[in-house]
Each structure stands twice: as C-alpha cells, then as structure tokens.
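Subject: Structure handover

Hello,

Here is the structure we talked about. Please open it first, then read my notes below.

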Amino acid sequence: MKHLSNLLTAVACTMVLAASCQSNGGIKSPENSSLFEMVTDPESGVVSYALKYGEPDDNRQSLYFVTKSMTEDGRFLVFQYTSGNEKKGVGQRHLMLADLKLDQVFDLGPMRMTPFIETKQDYLVYGTPEDGFFKVNFQTPDKAEKLCDIPEEIKSLGQVRRLATHLTMTSDRTKAFLDIEAKTPEGKNRYVQGLLDVTNGEWEFWGETEWNCNHGQLCPTDDSLAMCAWESAWSDLGKAYQEETGWYPRMWLVRKGSKELIPAEARNFASHEIWDDDGKGISWCGHGTMDVEDCVYHLDLATGKQEAWAKVPGARHNYCSPDGKYVVLDQAPETWWRGCKWRVAFWNRETEKYVWIYSTRDALMPRDHQSVLHPDPHPHFVMNGRYVISTANNADGHMDLLITPVDQLIEMTK
C-alpha cells in the first residue's frame, strides 16, 4: 500500500507540473520531461527520476558533490557520460548538457576537470593546462568562449597535472581558485594555491605546501577565504604532524599567505568537507577507530561550535540543504572500494529520522577489478533544496543519474 500511495502521489505531481509547465517558461521538470523515467526504490518506496540518455548499458553520473549539477531554474542539467558497460569496456568520459526546455542533450566534449557551474546565469567555466580557460553559455552550448591563457607563473612550475580538483570562483565570477599540482623537471611535486583572474590571466599567489593540498573550495560568501584538504594526511608527513600536534590534519582554512587547521574535535578524523551554501559553516564526514559515533559533523564558523548533524554511520560524502534542516549522504554499507556497494540517505535534522533515497545497490565492479570512473554517489541538493541528485550503481556494470524530489523525503521523515 505504501508503494501504491507513493505512485499515486507521483502521478498527481506529474499532472500538476505538466499543467504549470507553461507558466515556467516552457521548462519541464524531471517528473514530466521525456529525458527521464520514474523509478521507485523497492525497499524505501522513494520515487526518483532516472536520466535516460544513451543506451541502457551506458554510464550517466552526476558531478562531484561540491558542484551543483543543475541550474536554479531547473532548465539545465550538467552530467558525465561514458558509453559502454564497464565490465565489458567503456569509451571516453564526456561532459554533457541536458536542456529540459528543449528535451535535448548536448555533448560538451571530453571531461578534464570538474567545471564551475553558474547555476543562476546558466553557464560553466573550465580550464586545461594546455589551452587555458573557457566559458560555455548553456543557451549556445556548441560555442566555447576563450577567457584566458595559462600565465607563465603557472607554466614555470613544471608539468601541470592539476589546475583545480573542482573549480570554484569568486562571487563576481571573474577569478578561479586553483589548487595546482605540478611536477618539476627534477621530478619534485609542487602544490600551489591561488586565484587566477580569468578575464585577463593575472595570477595571485596565495601559498605553497609540501603536501598534496587539493579539494580547494572558495567560501561562497568570502572571496578571501578558501578551504582545502590534506588529501594524503595518512602518509608519513601526515602521521608526523598528528604525532606532533595530536590532530589529524585533513581540513584547512586558507587565505593569501596563511593556512589554519580545522580540527575535527568529536572524532579526530575527517573527510569530504564542504561549505554551507551561505558560507557560514562547514560539514564533513567523521569516522575511524575512535570510540565516538560515526556521522556527519558541522562547524559554525562564527561560534566555533561543532556538532553532529546526521547520525548515519559510515557516511562518505554529505551535503546540507540551503536552510540547514536536512542532510543527504552516501554510505558504503560494507567495505569501500571503487565500485563497491552503495546506498544514499536523507536525514531530517528536525525529527532525527532518515529514509534511504535508494537502498543498497550491489557492487558495480569487483574489488579485484575496480572501477576507473569514480562511481561514488555524491548526493547533493539542487534548485534551492527542491531536488537531490545522485549517482546509482548497478551490479551489471553501469551507472544511472537519479533526481529525487525532496518533498516526499520530508513527508517520510516526519
């Protein structure tokens, strides 16, 4: 009966949305676009909408979770696409653009980095070490506008292997934060951070670390502040730091000329940190071996208060809703590897209840032949918290992109 009720609710919502489509400038929703089909989780009864582009065996993935995959008006969805089943062989991964007004998909070309998505003005910015930075307007996706070349200050570092883990930009969208990895002719790795003005190619050096400083993210409301990760904090350098200070050195607040560790107080471990949309706080996943509960933690920058925000053990990536009332997270219910079993949860902070957006999916790839497509679900809120986007693995070797309406999740966790 629960599944029937969910189905009837979804059908009713689809009829209402279809009637209101004209008032939304002709933009369809996942519920009534021909690009999607409704799917219902067999255990939780949660209704989602799966992107249908390509062959059923192909891979459709959301972007890395710190980058919103959909514009605020719901017209454009940016996703990753790889043809073929990974157990049989796959092609080159491309960045794609789905237009829910035209019900068409456009190929933006091979993907080299996670781009910055301007969700209110409908464009993206990306860069490559060889060719510089470009802008793609979603209204004219077949035309990439050249913004700037890579400046000599960056080229002189050596062979640039990474410009940015996932691109973020200043509030006026003129400068991009880079967490560069380069290898010198002598074979030394260099890790450099700073701002690149994409309007003129001017480089502003912020700092350099001896450790792999990546996952850089500018604060959404403070252009002078970024957060970075010590990605390999479990290495020899990280162990030495922890032995000296007592803190696992994962999360750092970075400004021009300075950096400051954010210690995970409740559990001396942290991973996959992310800014709140309003820039006032940070959340992350805490887990490890200490006798403290696994869960999603949150830091209020103004007060310094750290608290548990979602008590779901084993969270790997999380994202908080714009109003801070809800958290989505993914969990590897058994041993983690690239292509392991996954499930995705929605946590209601007001009731401390949760529901599985999708229940446990069997492993995409075996542990002795792991996926090369970074198949983690990476759930995140889009359209001001109206939907959740995530990637769902399938045991037959391909991935689906799911868009899940949030209203039903709130109702299920009352």
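I start with the cysteines. Across the whole structure, the search finds 0 disulfides. Cys-213 is in no disulfide, and the nearest cysteine sulfur, that of Cys-228, is 3.7 Å away. A pair counts as a disulfide when the sulfur atoms are within 2.5 Å. Cys-213 is also buried, at 2% relative accessible area. Cys-285 is in no disulfide either. For Cys-285, the nearest cysteine sulfur belongs to Cys-295 and is 9.2 Å away. Cys-285 is buried too, with 0% relative accessibility. Please keep in mind that this is a predicted model.

Pockets

What volume does the largest pocket have? About 1000 Å³. The lining of this pocket takes in 40 residues. Closest to the centre are Tyr-64, Thr-165, His-215, Arg-338 and His-374. By class, the lining of the largest pocket has 14 nonpolar, 17 polar and 9 charged residues. Several strands contribute to this lining with at least two residues each: S8 (123–128), S11 (159–162), S16, S20 (271–275) and S24 (315–320).

The second largest pocket holds about 720 Å³. Its lining has 27 residues. Lys-68, Phe-116, Arg-173, Pro-220 and Asp-277 lie nearest the centre of this second pocket. The lining of the second largest pocket divides into 12 nonpolar, 7 polar and 8 charged residues. Here the strands that each give at least two lining residues are S7 (116–118), S12 (168–169), S16 and S20. Note S16 and S20: they supply lining residues to the largest pocket, and they do so for the second largest pocket.

Cavity

How many cavities of 30 Å³ or more does the structure hold? There is 1. The volume of the largest cavity is about 40 Å³. Ile-274, Trp-275, Asp-276, Asp-277, Ser-283, Tyr-319 and Cys-320 line the largest cavity. That lining comprises 4 nonpolar, 1 polar and 2 charged residues. S20 and S24 each put at least two residues into the cavity lining. Asp-277 appears in this cavity lining, and Asp-277 is also among the residues nearest the centre of the second largest pocket.

The sheet S16 to S19

Next, a sheet that includes S16. It is open, has 4 strands and runs in the order S16-S17-S18-S19, with antiparallel pairing. S16 (213–219) and S19 (258–262) stand at the edges. Each edge strand has a single partner, so one side of each is left without a neighbour in the sheet. Direction ignored, neighbouring strands of this sheet are turned by 30 degrees against each other on average.

Inside the sheet, S17 (residues 222–230) pairs with S18 (residues 251–255) in the antiparallel sense, over 4 bridges. Ala-229 stands opposite Met-251 of S18. Met-227 has Leu-253 as its bridge partner in S18. On the S19 side, S18 pairs in the antiparallel sense over 5 bridges. Leu-253 has a bridge partner there as well, Glu-260 in S19.

S18 and S19 form a hairpin with 2 residues between them. Gly-257 sits in the turn and has a positive phi of about 85 degrees.

Is S18 enclosed or open to the outside? Of its 5 residues, 4 are buried, so S18 is largely enclosed by the rest of the structure. The cut-off for buried is under 20% relative accessible area.

An exposed loop residue

Last, Thr-303. This residue lies in the loop between S22 (295–300) and S23 (306–310). Is Thr-303 buried or exposed? Thr-303 has a relative accessible area of 59%, so this residue counts as exposed. Along the chain, Thr-303 and Tyr-49 are 254 residues apart. Their C-alpha atoms are separated by 39 Å.

To recap the points I would look at on screen: the largest pocket, with His-215 among the residues closest to the centre; the cavity of about 40 Å³; and the hairpin of S18 and S19, with Gly-257 in the turn.

Best regards

Definitions and conventions: Residues are numbered from 1 along each chain as its sequence is written. This is a predicted model: local features need pLDDT of at least 70, side-chain atom pairs count only at pLDDT 80 or more; totals for chains, interfaces and linings use all residues. Side-chain values use heavy atoms; hydrogens and water are left out. Two strands pair if DSSP finds at least two bridges between them. Axes are lines fitted to C-alpha atoms, for helices over the stretch in contact, and angles run from 0 to 180 degrees between N-to-C directions. Buried means under 20% relative accessible area, exposed over 50%, partly exposed in between (1.4 Å probe, protein chains only). On a 1 Å grid over the protein atoms alone, a cavity is a set of points where a 1.4 Å probe fits but cannot get out, and a pocket is an open set with protein on both sides within 12 Å along at least five of seven lines; lining residues have an atom within 4 Å of a point. Grid points are joined across faces, edges and corners, and a volume is the space filled by probe spheres set on the points. Ala, Val, Leu, Ile, Met, Phe, Trp, Tyr, Cys and Pro count as nonpolar, Asp, Glu, Lys and Arg as charged, and the others, Gly among them, as polar.
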